[in-house]
Each structure stands twice: as structure tokens, then as C-alpha cells.
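Subject: A structure for you to look through

Hi there,

Here is the structure I promised to pass on to you. Have a look at it first, and then read my notes below with the model open beside them.

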Amino acid sequence: MDIANILSLAFGEIISPTTAAYALAALGLAVHFGYSGLLNFGQAGFMAVGAYGFAIPTLQFNAPLPVAVLIALTSSVIFAIVLGIPTLRLRADYLAIVTIAAAEIIRYIVTTNGLTQVTGSANGLAGGFENGFVGLNPFPDGTYNVGPVSMNQDGFWIRVVGWTIVILACLTVWLLMRSPWGRVLKGIREDENAVRALGKNVYAYKMQALIIGGLLGTVAGMIFTLPRGAVQPANYSTELTFFLYTCLLLGGMATVLGPVIGAMIFWVVLSLTQGLLFGAIEIGAITFLTNVQAGQLRYILVGVALMLLMIFRPQGVFGNKKELAFA
Amino acid sequence: MTTQPTPVWLRGLLIIAAGLMAALFISVPAAQASPANSPAGAPTLGVTASVQAEEFQNRISGVLRNADGPLPDVRITATGNGFEGEATSSETGAWSIGVPEQGDYEVELDVSTLPDGAELAEGQQNPRTVTFAGTTNATTLFLFGEGIVLETTSFWSVLADRTVAGLSFGLLLALSAVGLSLIFGTTGLTNFAHGEMVTAGAVFAFGFAALGLPAPAAIVLAVVGGGLLGYVQDAALWKPLRRRGSGLVPMMIVSIGLALALRYIIQFNFGGATQQLPGAQGNVLDFGPVSITQNNLTSLITSLAVILLIAFLLLRTRFGKATRAVADNPALAAASGIDVDRVIRIVWVVGGALAALGGILWAYYRPGVSFNMGQQILLLIFAGVVLGGLGTVFGALLGSLIVGLFVEISTIWLEADLKYVGALLIMILVLLFRPQGILGRRERIG
């Protein structure tokens, strides 16, 4: 069992593009759930819109990078509006069911065989949609070291872009939430009717929050898929949304840094448990598990962690107990 | 609020986890050995293939049939990633090759082993490349004769078939939906772990059957097990949470955590493969214009009988009256001398048993038992409940029937892999125009 290697792998997760994508999508959920009280269970759908909205125009019409990004963002706004119209007036549990259903509808549609030409159905899309992004890489070829982790120029480039976007998004959300607009949102979370009595259009504010959080999820979808060079529909199932909620609740749902730190903790813990379990199996310290089962054991722990968090520390690591979306 | 000492909590959760682990470990040898589904009299090659299929998590599989029926004893090989495997199709035409890792495999059908008169359709690639797409099972179909057999039956006959299948599917959904709706009605909890209770029923049934019990006994025991799971859940988790006065949204998120934990506990013990319950391949019965498989017919009758029984209990017994009173207004019910906790406990047991029965019937309907089978229909169950009106039992029945019929009938026009989309869209549309559902009351949406 190589402890140094396990630790360096875990450190690698802190800065990995997947962690950046999770952080960004969880930040979107913080806007939805933490600040506005909207129980959106369809964040995986927004991420899928980002990934497919970017990959399909690139592969089908050779769209240049900015156009593809713009198409993905526009699709995300449209999805948010279509999703918001029937649901934003509903109570939390209805909203949860409808948003989760909408995300699943997207996944079924991109998986159907009838659209194989466009979406690649269950196999997903690959074939160089990331080339435009890689082509913009200003870093010369070579090996780059961040702490104990080394990567090639493309890995370095996606990390720089991903984390820059995360930082910018955090700043934006922070500024938004301390603006009068953000105060109205928090007011809606606390007491919708009181805000309505003040003459605010609650529905419009909720819709704006849904769109902004959804856009963060969409950008996250692109960051998630770019380093992989492939879009796979199985990645965008409801479990993705639940993992994002785990990240969000870990960090603190009504905080800006909470989702980011939550995503880092989530991936570091997953990586550490995997490394330690596999290591222990390798040296024969654990004999009753196979490697596959060890992988599943980690997700059992995720589920139990989500339950325990919600029961004992719903405000997360950084959160303030007064700022919970529920009493 | 937080005066409860925490250790009680942890203990409760540990009891759940430990209990499930223990209960599921029983079925482990079964999942590994599954004697029930290797067809009798299959040639030895077929047996080796099915052994392989259980050695590895990943499988390539398919079914060989032409216009005359299944094609048995056809040899199929898969090569790739430094691995070679072969299988022979069983009496039902099904074949499956276990492979060590996901990736690209070249699959070849040995044309010389085809029975007389059967030949591959034009344009069928042989050998062909099969690629795994993030799942543990890759299917590939070889078409024979004229290729896709043109539908010669009339539209009305297809519609009748689909309607009967839809009724059968809708009623099995209703079993789970009624439980979910009862639980929601009495406790206000939207239980996202209900899908795992459905899976648990089927997994229990598979486990008991693999222990050598006859199918009916295994099914009854599995339903009892489902009720027990409901009881344990309520006693160890939901009752303490209610005592603590937890809000509905936190409870919903806790139920998601529970769903994740249960799903992977089941996969941990049961494995990722799909297994069959005994008698999963039944005969097709013809009644004039309508044909239905024997299993579907049994399932239809069983669920109808059980639902009628539940309706009778709710409407005609003291306990049913108490349940409806608790659903209506728990505080008032408690004030009039109803033991609310007892009612909720029994509702959980009944809900768990109904979900388990629904899961067993779902395993026959799909057909197959897998760790994520409950998750696949959870949203349809929700759709049924929401369509009918959250918290109303007869709404759940009506909504599930609509969902079941819609899913099956829509396959006449829609691609089969889109059939769930229609049902989910209908749910969203109904919420747009009648948010309280068909039988719901307006106050419920708050």
C-alpha cells in the first residue's frame, strides 16, 4: 500500500476539473436551494444541457467555441424558463418531483435510439468536440506540476480555466447575494407571502434565480465533459444531482464558499477511501471485499453521510444555522 | 428540539444498516450461483457461458429468434481486450457472454450452427463490434430472415394488447403508489427511498427462491420481508425524526440519502447483474384478439385483488377510518383518541409490503431483478401519485393506471426507449392545469 501515492491522488482531486465542475454546479444549487429555497432536483439536467448543448453544435455544424458555448447557455435559459413556468408556483415537494422528472426526460431523450445521429444515444458523443478548446491553450507543451500532481499542458489548461470560472462565479454570486436583489431572494426563502405583500413579483425573482443557478450548472456540464473528450448520458442520471446535494450540504447551503469546499471534501474523501480500501485489499488486510464492492461501499458511505449531515448538521461546515432554507 | 441524545440516533441508523446487511448477505450465495435460470438440458457450453456471466460483472447478451420462434444451440463468440468467450443460445434463444472489462468486443455468430432454414437477414454485420456504454450489460441483436418482421396485425389488436399490458403495468405501479401515497398522507413525507423498497422486494424474492424455496413461498416471505423493512425504517429513522419535529424538506433529503445507501447496499450484496425469478419466462395466452403472457395475467389479477382488499380495509374497517382520520388531520385524530404512532407504524408496514409485492411483479414484468430496478420506476410511481393527487389513495390508483396505460399505449407511436418520457410529460402538464391532481383537494398544494 503506497500511502504517498494515495495522498497525492487525493490531493489531485482537490484541483481536478471534475471537482471544479461539481463545485460550480453545487454553487448553482446554492443559488436555487440555499438562497431562494427552490428545491431543484434537476441540476443534472442543466449539466446535460451544457454538455450536449456544447458538443452537438460543435460536431454537427463545426460551430466555433464561442458559438457553441453561447448555444449551450441559451439552451440552458430556455430549459430553465420551460421548467419554471409550471413548477415555480408549486410547493417544495412538487417542485422536487417535477424538476427530477424534467432532468430524466432530458436523459431519456439524449439516450433514445431515434436520435443516434445527433446525440449518439447510449454511447454518447465523442470525436473531437474539445479540439476548439484545446486549440486555445496558451501553455507550451510539457509537464506541469502542481504540488505533488503532474499533468500535461491540456490538463493544466482545463484546470486553470475551470477554477478561474469557479472563482469568478463565486464572486458574482457573493456580489449578487449582498445586493438588494439577493436580499429579496432570501426574503422569499424565509417568507414568500411577506415579500409578496411588499409588492415584489416573487415569481419573477424565482425565475431569475432558477436561470442563474441553471447557467452555473450548464457551465459546470461543459467543464465536466471537456477533459473527458466524451459526453455520456449515463453520467447525467439523478445520482449526479444527489451527489451535488451532498457537496452542497457538506459545505453549507447558503454560503458562497461552502459548495466549493464541499465538492473538494466530497472528492478527497471518495479518493482517500478508494485508495485505502484498494490498498488494504491488495496487501490482504481486507479479504471479504472485492475491488468492485469496495467501490460500492464508498457510495453507501455517501448515502449515509448525506443522511447524517441532514440530521445532525444541516447547516454544513460553514453554514449559519439561522440561514437554512427550512425551519 | 435537540434534547435527544445523539447516540440513540447513531444506533438507530446502525441498526438499519446492520439489519439490511445481514438480511441481504443471506442472498449472496444465491446471487453468485443462481441455479434457477440455467435452462434444463442446455448443452455444456451454455452452462460454461452462464458461469462466466456470473464470474464477471459485464455481459454481452442478446436473443436469437426468427419468424418461427427462438433459435437454440447457436454458437456465439466474443473476442477483445485479450479475452475470448463463447456461449450457446438457450432454448429461449437467449445468450450471454461474461466479459472481464468494459470496452470493444468483436462478436461473431457461428453461421454453421444455425438451424436449417434460418439465415441472417441482409445487411446484418457478422462479425460485429459491440461497445459498452457505461452499463454492465451490452446487448446486440442479430436479425434473421426478412430482417424486421413487418407488423401484420391490425391496429385495434395491437391497441388491445397494449391496453391489457398497460393495465397490468399500471396496477403493479399502483401497488407501490398506494403505499407511497398512504405514507405521504399520514406523515407528509415524500419518500425517495420508496424505489429501493420496491427493489428490496424483488431481491428478497430472488434470495428466498435461490435458497430452494418454491416460488409462492419465496414471494410471500419477500412480501413479509418488505413489511419488516418498512417497520424497521419507521422505527429506527422516521419516528425519531418526527419526534424531533424535523421539517418535510430535510426529511425528503434524508430519504434521498437513505435511497443512495440502500441502493448501493443492495448492489454490494446482489451484484450488478440482472437475475431472473423462477418462472420468469411464461407462456403467452391468447383470448381472441388479445394476447397476454401468463405472468402478466397473474400479476394483473394479484394486484387488482390486493388493491381491492386495501380499499375495503380503508373504507370499511375501524383501522381504515383511523388511517383516513390521521391523513386528514393528525392533531385532531390524536385528540379523538386515535393512536397516531400506531397508525403510522402500520401504514409503513403495509406500504413496505405493497412496495415489495409491486417490486416482485415488476421483476416479472420487465423481466429481471437488478439493483436499480426500483429507481427506474420511482419517477413513474411519483407521476402516478402526483397525477391522482398526493396523499389520496384512490388518486394514486387512478393516476398509476393512467401512467401505466399511457406508457404502454404510447409505444405504438413512440420509440420504446422514450415510453417513460410521455408519462412524465403528462405529469408536468397536469400540474400546470390542475396542480392538486385529479382527485386531490386544492388545500394540499399550499
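**A covered strand and its sheet**

Let me begin with E6(B), a strand that is mostly covered: six of its six residues are buried. Please keep in mind throughout that this is a predicted model. In a regular strand, side chains alternate between the two faces of the sheet. You can follow this along E6(B), where B:Ala94, B:Ser96 and B:Gly98 point one way while B:Trp95, B:Ile97 and B:Val99 point the other way, and all are buried.

Which sheet does E6 belong to? In chain B, three strands make an open sheet in the order E6-E1-E9, with mixed pairing. Strand E6 (94–99) and strand E9 (137–139) of chain B are the edge strands, each pairing on one side only. On average, neighbouring strands of this sheet are turned by 20° against each other, direction ignored.

The mixed pairing is easy to see if you take the two pairs in turn:

- E1(B) and E6(B) run antiparallel and are joined by six bridges. Within E6(B), B:Ile97 is the bridge partner of B:Ile60.
- Strand E1 (residues 58–63) of chain B and E9(B) run parallel, joined by three bridges. Here B:Ile60 stands opposite B:Ala138 in E9(B).

So try clicking on B:Ile60, which has B:Ile97 as its bridge partner in E6(B) and stands opposite B:Ala138 in E9(B).

**The other sheet in chain B**

Four strands of chain B form another open sheet, in the order E5-E4-E7-E8, and the pairing there is antiparallel. Strand E5 (83–88) and strand E8 (128–131) of chain B are at the edges with a single partner strand each, so one side of each has no neighbour in the sheet. From one strand to the next, the twist averages 25°.

Inside this sheet, strand E4 (residues 75–80) and strand E7 (residues 104–109) of chain B run antiparallel and are joined by four bridges. One pair to look up is B:Ala78 with its bridge partner in E7(B), B:Val107.

**Nonpolar cores**

Which residues touch the most other members of the largest nonpolar core? They are A:Leu24, A:Ala26, B:Val178 and B:Ala205, out of 208 residues in that core. The element that gives the most to this core is H11(B), with 18 residues. If you pick A:Ala26 and leave out residues up to four places away in sequence, you will find that it touches A:Leu244, A:Cys247, A:Leu248, A:Pro259, A:Gly262 and A:Ala263.

There is also a second, separate core of 19 residues, which includes B:Val74, B:Ala87, B:Ile97 and B:Tyr105. You have met B:Ile97 already, as one of the buried residues of E6(B).

**Where the two chains meet**

Contacts between the chains involve 45 residues of chain A and 43 residues of chain B. On the chain A side, helix H5 (92–111), helix H12 (238–251) and helix H14 (291–312) each supply at least two of the residues that touch chain B. H14(A) gives the most to this side, with 14 residues. Sorted by class, the side of chain A that touches chain B has 32 nonpolar, 10 polar and three charged residues.

**Two helices that cross**

In chain B, helix H8 (residues 294–316) and helix H9 (residues 318–328) pack at an angle of about 80°, and their axes are 5 Å apart. That angle makes H8(B) roughly perpendicular to H9(B). B:Leu313, B:Leu314, B:Leu315 and B:Arg316 in H8(B) meet B:Phe319, B:Gly320, B:Thr323 and B:Arg324 in H9(B). This contact of H8(B) with H9(B) has four nonpolar, two polar and two charged residues.

**A few backbone spots to check**

Most residues other than glycine have a negative phi, and most peptide bonds are trans. Here are some places to compare with that:

- A:Asn62 has a positive phi, near 55°. A:Asn62 lies in the loop between helix H3 (43–61) and helix H4 (65–87) of chain A, and is exposed, with 10 other C-beta atoms within 10 Å.
- A:Ser121 has a positive phi too, near 40°. Its loop is between helix H6 (116–119) and strand E1 (125–126) of chain A, and A:Ser121 counts as partly exposed, with 18 C-beta neighbours inside 10 Å.
- B:Arg366 and B:Pro367 are joined by a cis peptide bond, with omega about -5°. B:Pro367 sits in the loop between helix H11 (340–365) and helix H12 (373–388) of chain B.

Enjoy exploring!

Best wishes

Conventions:
Residues numbered from 1 in each chain as written. Chains lettered and ligands numbered in written order. Predicted model: local features only at pLDDT ≥ 70, side-chain atom pairs only at ≥ 80, totals over all residues. Contact = placed C-beta atoms within 7 Å. Nonpolar A, V, L, I, M, F, W, Y, C, P; charged D, E, K, R; others polar. Pairing = 2+ DSSP bridges. Axes fitted to C-alpha atoms, helices over the stretch in contact; angles between N-to-C directions. Buried ≥ 20, exposed ≤ 12 C-beta atoms within 10 Å, placed from the backbone. Core = buried A, V, L, I, M, F, W, Y, C linked by C-beta atoms within 7 Å. Parallel < 35°, antiparallel > 145°, perpendicular 65-115°, else oblique.
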